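This report covers the overall fold, the annotated domain, the cysteines and the empty spaces of one protein chain. The sequence and structure come first.

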Amino acid sequence: MKKLNRTTANKPVQYPVRVMQFGGGNFLRAFCDWMFDVLNKTTNFNGSVAIVKPTKSGDYTALRTQEGLFHVALDGVRNGKLISEVTLVESISTIIQPYRQWDEYLALAEAPEMRFIVSNTTEAGIKFSSTDQQTDCPPDEFPAKLTLWLHHRFIHFNGAADKGCILLPCELIEDNGEALKSSILEYVKLWDLSQEFEAWIVNHNHFCSTLVDRIVSGFPEDRKGAIINQIGFNDDLLVAGEDYHSWIIKGHDLVQEELPFAKTDLNVQFVDDLSDYREMKVRILNGAHTSLVPVGYLAGLRTVKQSMDDALVKNHVLEVLSSEIKPTLTNFTESEVDAFINAVIDRFKNPTLKHFLLTISLNSTSKFQARLLPAFKEYTTLNGTFPKRMAFSLACMIRFYKGSFNNEIININDDAKALKFFKSEWSKVDEGRQTLSELVQNTLANKNIVGDNLSAYSGLVAFVTEKIQDLEHKGVKYCLENLYKRSYEY
């Protein structure tokens, strides 16, 4: 079987770089890059994508080897019919690791055709750090890297108004466009950059808050042979996802004019207000993932589909959504919320998606804060007591972060500070230097971990402690069957 690259596929780069993208993981490739490919093939968009590695480790070796090419396998129900299609995505032309290619990274700012900036650096990615320096090549945080890039572009083009950019962050935080803009302006102040540059950022760059939705399960190991035979290439970056997709963009009218999605069949909407869309999607779809992952994983399940096939775990997710999150969505009718919940469960049960729980667990602490914490707090205000299902998912998350369960190592991927915190806290318990209750108290009081001082919630420390003990001695199944009962025997 042939190796996939632009020579073997006879797919030379046709378009100038018009998009700079921070991140080249499965989601962005199967969502944004797939969409840009559709724009190139069906409209006059005529632009390729430069991928920038936002972190120090790795350099997208496979993407470099395949010269930006990869296939996306999409499955789902469209207009009542089961569809399955595999597409060669050709939109990526350039891959840059700024920790080793800083000059090449800044050179992208000199490209006159450059117009769009896309990012997905997880919920923890858009933040300001006063330790980042203007002389760092590069600084640590993504917004700091971007500020230096924009400043280089400003200087190179003498502050030309038409050389500003349209920014489309995909991180799942509220008002992600405004958050990114705010972080950049903080770096402008920290580094004492010119007022003229600050005015150029504000007046000639368009920070669009967006909301993205597509389940991307990653490399389809179980279907690899059949798909490779179909496409005729070995593709190490083959990525599978669901056919369903949605990109909702809040931005200036010119953004809609310059991104000709209206000329395609893509499900892209331009709106004046994202808040209701975001609240529904983040609390239900993303909240379902975050409440499911540690519970399913500790139950010995490894994919979303396996979890949906387990009656107890599936019921847990349904109860989180219908009994604890649904009452907090007061801007929607009951039928609207029910319809979205049912659609999410159907998507989770898609038989062709092998969505690994461990993959979804990336940065679970920040995901809890963004996806579950708001509903957790609102439910408590409405009912006078905390939501037991979400609290149990939180207990499972804390136990998950010990890094092992049932004599199996769990490869946790999170912010270094979060990993250090849990390692220290669990070591103290294992060595007898603190009790499990003290660990829970410290965790729930740590705003960097859970987003607020949850230890102040009456009975929550005792509940979470008890459930972690039950997990240890009796397992997930017992906990789910006896969630509302107190357990005193160990």
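## Fold, cysteines and voids

The chain has 19 helices and 17 strands. Its radius of gyration is 23 Å, close to the 23 Å that the globule rule gives for 490 residues, so the chain is as compact as a globular protein of that length. The model is a predicted one. Along the principal axes, the C-alpha trace spans about 70 × 55 × 45 Å. Of the 490 residues in the chain, 57% are buried.

An unreviewed UniProt entry places the feature "domain: Mannitol dehydrogenase C-terminal" at residues 273-471. This span is 69% helix and 2% strand, and its end C-alpha atoms lie 42 Å apart.

The count of disulfides is zero, a disulfide being a pair of cysteine sulfur atoms within 2.5 Å. Cys 396 is in no disulfide, and the nearest cysteine sulfur, that of Cys 479, is 6.7 Å away. Cys 479 is likewise in no disulfide, with the sulfur of Cys 396 as its nearest cysteine sulfur at 6.7 Å. Cys 396 counts as buried because its relative accessibility is 0%. Cys 479 is buried too, with a relative accessible area of 1%.

Next come the empty spaces. Rolling a probe the size of a water molecule over the atoms shows where such space is left. The count comes to five cavities of 30 Å³ or more. The table sets the largest cavity beside the second largest pocket.

| Space | Volume | Nonpolar lining residues | Polar lining residues | Charged lining residues |
|---|---|---|---|---|
| Largest cavity | about 50 Å³ | four residues | two residues | one residue |
| Second largest pocket | about 520 Å³ | seven residues | seven residues | nine residues |

The largest cavity is lined by Thr 290, Val 293, Pro 294, Ile 360, Ser 364, Lys 367 and Met 397. Helix H9 (275-298) and H14 each supply at least two residues of this lining. H9 gives the most, with three residues.

Around the second largest pocket, the lining consists of 23 residues, and those nearest the centre are Ala 124, Lys 127, Asp 415, Lys 417 and Asn 448. The elements that give two or more residues to this lining are helix H14 (364-383), helix H16 (416-430) and helix H18 (447-450). Helix H14 thus appears in the lining of the largest cavity and in that of the second largest pocket.

Methods: Residues are numbered from 1 along each chain as its sequence is written. This is a predicted model: local features need pLDDT of at least 70, side-chain atom pairs count only at pLDDT 80 or more; totals for chains, interfaces and linings use all residues. Side-chain values use heavy atoms; hydrogens and water are left out. UniProt positions are given in the numbering used here, feature names are shortened, and annotations may be inferred rather than shown by experiment. Helices (H or I, at least four residues) and strands (E, at least two) are DSSP runs, numbered from the N terminus. Buried means under 20% relative accessible area, exposed over 50%, partly exposed in between (1.4 Å probe, protein chains only). On a 1 Å grid over the protein atoms alone, a cavity is a set of points where a 1.4 Å probe fits but cannot get out, and a pocket is an open set with protein on both sides within 12 Å along at least five of seven lines; lining residues have an atom within 4 Å of a point. Grid points are joined across faces, edges and corners, and a volume is the space filled by probe spheres set on the points. Ala, Val, Leu, Ile, Met, Phe, Trp, Tyr, Cys and Pro count as nonpolar, Asp, Glu, Lys and Arg as charged, and the others, Gly among them, as polar. The radius of gyration is taken over C-alpha atoms; the globule rule is 2.2 Å times the number of residues to the power 0.38.
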